[in-house]
Amino acid sequence: MKKTLTDIQVKGKRVLMRADFNVPLDGKGKITDDSRIVAALPSIKYILENGGKLILMSHLGRPKGEYNPELSLTPVADRLSVLLKKNVKKMDDCIGEDVEDAVNNMSEGDVILLENLRFHKEEKKNDPEFAKQLASLGEIFVEDAFGTCHRAHASTVGVTEYLPSVAGFLVQKEIEYFEKVTRDPDKPFCLMLGGAKVADKIPVIENMLDKIDFLLIGGAMAYTFLKTRLKGVGDSRVEDDMEDTVNKIFELASANNVSIFLPKDHVVAKEIKANAKRKIVKEHIPDGWIGLDIGPETVKSYEAILKESKTIVWNGPMGLFEMKPFSVGTRELAKFISKLDATTVIGGGDTAAAVNQLKLGNKMSHMSTGGGASLEYLEGKVLPGIAALNDK
Ligand code: AMP
């Protein structure tokens with residue numbers, strides 16, 4: 001068990017917290033979705049209400065180690081000031097004399113936001129000197145950015161060499177849910193995978209096969225699986241050279257008594273356009289047609305499996321959900337899962353985006369805030385940013 005915010009005293013202490021403020025911007029400096037800032041509020045408020053001096057740090061976008069005014073965290077500081085109803089002082093850099101002066105003049109309950117960490121190439125390289133400079137700003141380190149816990153960067157792993165390090169509330173919840181589903185899941189356990197990149201999901205399947213009972217597959221990855229079962233996939237997106245891997249998965253599944261379910265009908269279109277000619281086909285997709293969503297019969301049969309399950313982990317949309325005509329399968333299953341009395345864990349990235357579009361996030365047991373990090377957890381990997389935190 002990792003130490004968390006409630007295991008330490010923050011009163012009067014400089015608390016250096018890694019948050020995930022990597023928010024979408026409209027290109028003119030306006031935040032289009034502040035949910036990542038809102039998600040960090042419980043830890044932020046706890047620290048402030050308990051008399052900590054809070055120094056926040058984050059990355060934003062991919063500035064490639066150079067200053068880029070378009071990726072400044074100023075809009076985040078402004079939004080945070082509104083949400084907290086107090087001034088959040090935004091620094092022009094994340095290290096250096098100005099930052100040190102500001103930090104030394106803080107009072108209890110003050111908040112400072114450092115500038116984008118990735119304006120320094122040393123951040124992603126986990127440069128020890130850079131990490132030491134960051135760490136010197138605080139007396140305690142709080143990790144609350146699950147989305148970067150799978151990366152050993154200066155602000156996630158480097159600083160833990162120098163400071164007592166604990167999980168913030170967001171990371172604590174992520175650990176609790178992912179530990180539960182990977183170590184002690186309530187059964188039956190259904191893993192639902194979709195999305196496009198099969199190679200990304202294979203290590204997840206391999207690691208989870210001895211824990212799950214059902215594996216539901218949708219999205220473009222289903223066509224790679226269906227092709228090895230000699231089903232017609234038409235012009236759908238398939239990954240080549242996966243036959244041996246997929247066959248191995250089927251063998252492992254039967255050895256572990258896991259039932260794998262593949263779509264039995266499909267929404268197909270002539271081209272990848274929202275207004276393209278489309279129809280529903282059963283079993284085989286004819287040449288000249290592209291599979292872009294699971295069909296209604298598949299939705300019904302997947303619902304029957306989900307209903308039996310006590311644990312559901314879902315990663316990857318069931319179709320090309322960004323285009324409305326191909327979003328029905330993803331939407332229907334999201335709605336169905338949200339009503340079930342089961343432990344429901346939604347992977348970050350596209351899956352969380354699809355669920356959020358439907359405003360169903362608060363109906364799930366856990367919405368992960370990390371796409372890559374949640375996949376790595378399910379792969380059974382140790383996330384360096386979590387491993388580096390102090391044990392209880
Ligand atoms: P991934 O990053 O592998 O989870 O893939 C997510 C992406 O897969 C989303 O952008 C979906 O639109 C896309 N996707 C899902 N189903 C299909 C499909 N049948 N054909 C093409 N793209 C798809």
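How far is an oxygen atom of the ligand from an N or O atom in the side chain of Glu 322? In this predicted model, the two atoms are separated by 2.5 Å. Two lysines also take part in the surroundings of the ligand oxygens. The side chain of Lys 201 places a polar atom 3.1 Å from an oxygen atom of the ligand, whereas Lys 197 has a polar backbone atom at 2.8 Å from a ligand oxygen. On its own, the ligand has 510 Å² of accessible area, of which the protein covers 85%.

The ligand is surrounded by 15 residues. Among these, Ala 196, Lys 197, Gly 291, Glu 322 and Asp 350 are the closest. Sorted by class, the shell consists of seven nonpolar residues, four polar residues and four charged residues. The space that the ligand takes is the second largest pocket.

The cysteines were examined separately. Zero disulfides were found when the whole structure was searched. Cys 94 is thus not part of a disulfide, and the cysteine sulfur nearest to it, which belongs to Cys 149, is 18 Å away. Is Cys 94 buried or exposed? Cys 94 counts as buried because its relative accessibility is 0%, and the cut-off for this class is under 20%. Cys 190 also has a relative accessibility of 0%, so Cys 190 counts as buried.

Notes
Residues are numbered from 1 along each chain as its sequence is written. This is a predicted model: local features need pLDDT of at least 70, side-chain atom pairs count only at pLDDT 80 or more; totals for chains, interfaces and linings use all residues. Side-chain values use heavy atoms; hydrogens and water are left out. A residue is near a molecule or strand if one of its heavy atoms lies within 4 Å of it. A polar contact is a pair of N or O atoms within 3.5 Å; within protein, one must be able to donate a hydrogen and the other to accept it, and residues adjacent in sequence count only if both atoms are side-chain atoms. Accessible areas come from the Shrake-Rupley method with a 1.4 Å probe; for residues, only the protein chains shown count as cover. On a 1 Å grid over the protein atoms alone, a cavity is a set of points where a 1.4 Å probe fits but cannot get out, and a pocket is an open set with protein on both sides within 12 Å along at least five of seven lines; lining residues have an atom within 4 Å of a point. A molecule sits in a cavity or pocket if more than half of its atoms lie within 2 Å of its grid points. Ala, Val, Leu, Ile, Met, Phe, Trp, Tyr, Cys and Pro count as nonpolar, Asp, Glu, Lys and Arg as charged, and the others, Gly among them, as polar. A disulfide is a pair of cysteine sulfur atoms within 2.5 Å. Buried means under 20% relative accessible area, exposed over 50%, partly exposed in between (1.4 Å probe, protein chains only).
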